[in-house]
Amino acid sequence: MTQVKARGPYNKTPARRAEIVRAARESFAEHGFTKASLRGIAERAGITHAGLLHHFRDKDDLLAAVLAERDTEERRYAESKVPDMDHLTPYLGGMLRHHQRAPELMRLWIELTAAASRPEHPAHGYFVERYAWGRDQFARGMRGKAGRGELHEALAPEHAAILLQAVLNGLQLQWLLDEELDIVGPVRAFMRMTFPQAARPEDEE
């Protein structure tokens, strides 16, 4: 095996950290979090094991950075595509298609979510906060829809937010088991049932 040449192991630049996070993300997606090794990630990033540890304490620290990067990407995409709740449906469809282009990352996310349900898991706090943030964001929009009489009368905004999270998570899991499955159509149908009184420009893409 060719020896990895360290490129400034003490250079704590954002670019170097980004290279390590990218390598970790690829390795976690390829091997899973448990089987991915720090030495393998370091080699993929083109640095030594010691150089990687100069930037990240351990694999848990690196996992947190990978999750934070994914969150940043998701939120930027949402901000660019969802100026208001009327644009939520096409955003969700686009988000699902984006995730389908990287099935290993989708699988990693689902596996980590399940594993992190254990309080002792290193990502437990992250996922608790992430889901709470998502529910809060959806619920705010749902309350606005309810105020305009567009939310289904049988749904409380908070319940609608929880159900939307469950639909998105469940559909992605089903797609990983059967990649021929249409998961965008059911999301649109769910949104039409949730907002039966709303106009339909949000279905356009």
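This section describes the fold, the model confidence, the salt bridges and selected residues of a predicted model.

The chain has nine helices and zero strands. Read from the N terminus, the order of elements is therefore α-α-α-α-α-α-α-α-α. Of the 205 residues in the chain, 40% are buried. When contacts between residues at least 6 apart in sequence are taken, 63% of them join residues at least 24 apart.

Confidence varies along the chain. The mean pLDDT is 85, and 86% of the residues reach 70 or more. Residues 1-11 have a pLDDT below 50, and this stretch has 18 contacts in the model beyond near neighbours in sequence. Where pLDDT is low, the predicted coordinates should not be read in detail. Among the elements, the highest mean pLDDT, 97, belongs to helix H8, which covers residues 157-177. The lowest mean, 79, belongs to H4.

A UniProt record, an unreviewed entry, places the feature "DNA-binding region" at residues 37-56. In the model, this segment is 75% helix and 0% strand. The C-alpha atoms at the two ends of the segment are 13 Å apart. Helix H2 spans residues 38-45, and its buried residues include Leu38, Ile41, Ala42 and Ala45. These four residues lie on the same side of H2, because they cover an arc of only 100° around the axis. After H2 comes Gly46, which has a positive phi, near 80°.

The structure holds 11 salt bridges. Side chains of opposite charge can pair when their charged atoms come close. One of the salt bridges joins Glu26 and Arg44, with the closest N and O atoms 3.5 Å apart. Glu26 lies in helix H1, residues 14-31, and Arg44 lies in helix H2, so this pair ties together parts that are 18 residues apart in sequence. Both partners are partly exposed: the relative accessible area is 33% for Glu26 and 31% for Arg44.

A second pair is formed within one helix. Glu104 and Arg107 both lie in helix H6, which covers residues 103-115. The two residues are three positions apart, about one turn of the helix. Their side chains meet in a salt bridge, with an N to O distance of 2.6 Å. Glu104 counts as partly exposed at 37% relative accessibility, and Arg107 is also partly exposed, with a relative accessible area of 24%.

The salt bridge between Lys145 and Glu150 has its closest N and O atoms 3.0 Å apart. Lys145 and Glu150 are both buried. Elsewhere, salt bridges that share partners join Arg22, Glu26, Glu30 and Arg44 into one network.

Lys59 presents another arrangement of a buried charge. Lys59 is placed in helix H4, residues 59-81. This residue is buried yet has no salt bridge. The nearest side chain of opposite charge is that of Asp60, 7.0 Å away. A salt bridge requires a side-chain nitrogen within 4 Å of a carboxyl oxygen, so a separation of 7.0 Å does not qualify. Leaving aside neighbours within four places in sequence, Lys59 is in contact with Phe28, Phe33, Thr34, Ala36 and Leu38. Leu38 is also among the buried residues of H2.

Helix H4 also holds Leu67. Leu67 has a relative accessible area of 4% and is therefore buried. Beyond its neighbours within four places in sequence, Leu67 is in contact with Trp109, Leu112, Ala123, Tyr126 and Phe127. Tyr126 is 59 residues from Leu67 along the chain, and the C-alpha atoms of the two are separated by 8.3 Å.

Val167 lies in helix H8, the element with the highest mean pLDDT. With a relative accessible area of 21%, Val167 is partly exposed. Because buried means under 20% relative accessible area, Val167 does not count as buried. The C-alpha atoms of Val167 and Phe190 are separated by 8.3 Å, and these residues are 23 residues apart along the chain.

Definitions and conventions
Residues numbered from 1 in each chain as written. Heavy atoms only, no water. Buried < 20%, exposed > 50% of the residue type's maximum accessible area, 1.4 Å probe, protein only. Lys, Arg positive; Asp, Glu negative; His and termini not counted. Contact = heavy atoms within 4.5 Å. pLDDT = per-residue confidence, 0-100. UniProt positions renumbered as here; feature names shortened; annotations may be inferred. Arc of directions from axis to C-beta.
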